[in-house]
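Explain this structure to me step by step, starting with one helix and working out to the spaces between the helices.

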Amino acid sequence: MVQISSKVICDGILTLVRDGFLQQVIGPALFQKSEEAATVTMVYLALFLGHITNMALMREFLKFLVVGKYDDRSIVNIILNSINSTNINTCTVALELVYVLIDLNCEDVLLELVFKSA
């Protein structure tokens, strides 16, 4: 839908995805006290990233994950910290999400992951 829309419609859709979905739904879900909610959210993010074909939409997701913040906490840090979780499901899902991010071969994302994990 984003690929065949006019620029105005495309920009509106991307704004709704960023402001209405990523920041209002995904951000809070990643920072919930329930580890299961964060785990499910990371599964959805990995699925989304693996199936997005539109570059503008992919850019919004990656910008949210890599440089985005929620309550002054970095999104990428919560994902990387989840790798050290005692819950094996959370750890596995966080590793899968990082693997998907690495598999995208985006230099900026790779550099951010390297420097955040160091």
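Helices here are DSSP runs of H or I with at least four residues, numbered from the N terminus. The model is a predicted one.

Helix 2 is a convenient place to start, and it covers residues 35-51. With 17 residues at 1.5 Å a residue, helix 2 should span 24 Å, and the 25 Å between its end C-alpha atoms agrees with that. Its buried residues are Ala38, Thr39, Thr41, Met42, Leu45, Ala46 and Leu49. Viewed down the axis of helix 2, these buried residues fall within an arc of 160 degrees, so they line one face of the helix. Glu36 and His51 are exposed on the other side of helix 2. An α-helix has 3.6 residues a turn, so residues three or four places apart point the same way.

The same spacing matters for the aromatic side chains. Tyr44 and Phe48 are four residues apart in helix 2, which means that about one helical turn separates them. The structure holds four aromatic pairs. In one of them, Phe21 and Phe48 have ring centres 5.7 Å apart and planes at 80 degrees, so this pair is edge-to-face. Because Phe21 lies in helix 1 (residues 7-30) and Phe48 in helix 2, the pair ties together parts that are 27 residues apart in sequence. Phe48 also pairs with Tyr44, and here the rings are stacked, at 6.4 Å centre to centre with 25 degrees between the planes. Are these rings buried or exposed, or do they fall in between? Phe21 is partly exposed, with a relative accessible area of 26%. Phe48 is partly exposed as well, at 30% relative accessibility, and Tyr44 is partly exposed at 47%. Ring pairs link Phe21, Tyr44 and Phe48 with Phe61 into a cluster.

Helix 2 also takes part in a pocket. The largest pocket has a volume of about 170 Å³. Which residues line the largest pocket? They are Leu30, Phe31, Gln32, Lys33, Glu35, Ala38, Arg73, Ile78, Ser82, Ser85, Thr86 and Thr90. Helix 2 and helix 4 (75-82) each supply at least two residues of this lining. By class, the lining of the largest pocket has four nonpolar, five polar and three charged residues. Ala38 is thus listed both in the pocket lining and among the buried residues of helix 2.

The enclosed space can be taken next. Rolling a probe the size of a water molecule over the atoms shows where empty space is left. The count comes to one cavity of 30 Å³ or more, and the largest cavity has a volume of about 30 Å³. Leu65, Val66, Val76, Ile79, Val98, Leu101 and Leu113 line the largest cavity. Helix 3 (55-67), helix 4 and helix 5 are the elements that give two or more residues to this lining. What classes of residue make up the lining of the largest cavity? There are seven nonpolar, no polar and no charged residues in it. Helix 4 therefore contributes at least two residues to the lining of the largest pocket and two or more to that of the largest cavity.

The loops remain. Most residues other than glycine have a negative phi, and most peptide bonds are trans. Asp72 is not a glycine, yet it has a positive phi of about 60 degrees. Asp72 sits in the loop between strand 1 (69-70) and strand 2 (73-74). With a relative accessible area of 74%, Asp72 is exposed. Asn105 likewise has a positive phi, of about 55 degrees, although it is not a glycine. Asn105 is placed in the loop between helix 5 (88-103) and helix 6 (107-117), and it is exposed, with a relative accessible area of 63%.

A further loop, between helix 4 and helix 5, holds Asn84. Asn84 is exposed, with a relative accessible area of 65%. In sequence, Asn84 and Leu30 are 54 residues apart, and in space they are 15 Å apart, C-alpha to C-alpha. Leu30 is one of the residues that line the largest pocket.

Conventions
Residues are numbered from 1 along each chain as its sequence is written. This is a predicted model: local features need pLDDT of at least 70, side-chain atom pairs count only at pLDDT 80 or more; totals for chains, interfaces and linings use all residues. Side-chain values use heavy atoms; hydrogens and water are left out. On a 1 Å grid over the protein atoms alone, a cavity is a set of points where a 1.4 Å probe fits but cannot get out, and a pocket is an open set with protein on both sides within 12 Å along at least five of seven lines; lining residues have an atom within 4 Å of a point. Grid points are joined across faces, edges and corners, and a volume is the space filled by probe spheres set on the points. Ala, Val, Leu, Ile, Met, Phe, Trp, Tyr, Cys and Pro count as nonpolar, Asp, Glu, Lys and Arg as charged, and the others, Gly among them, as polar. Buried means under 20% relative accessible area, exposed over 50%, partly exposed in between (1.4 Å probe, protein chains only). Rings of Phe, Tyr and Trp (its six-membered ring) pair if their centres lie within 6.5 Å; planes under 30 degrees apart count as stacked, over 60 as edge-to-face and the rest as tilted. The expected span of a helix is 1.5 Å times one less than its number of residues. The arc is that of the directions from the helix axis to the C-beta atoms.
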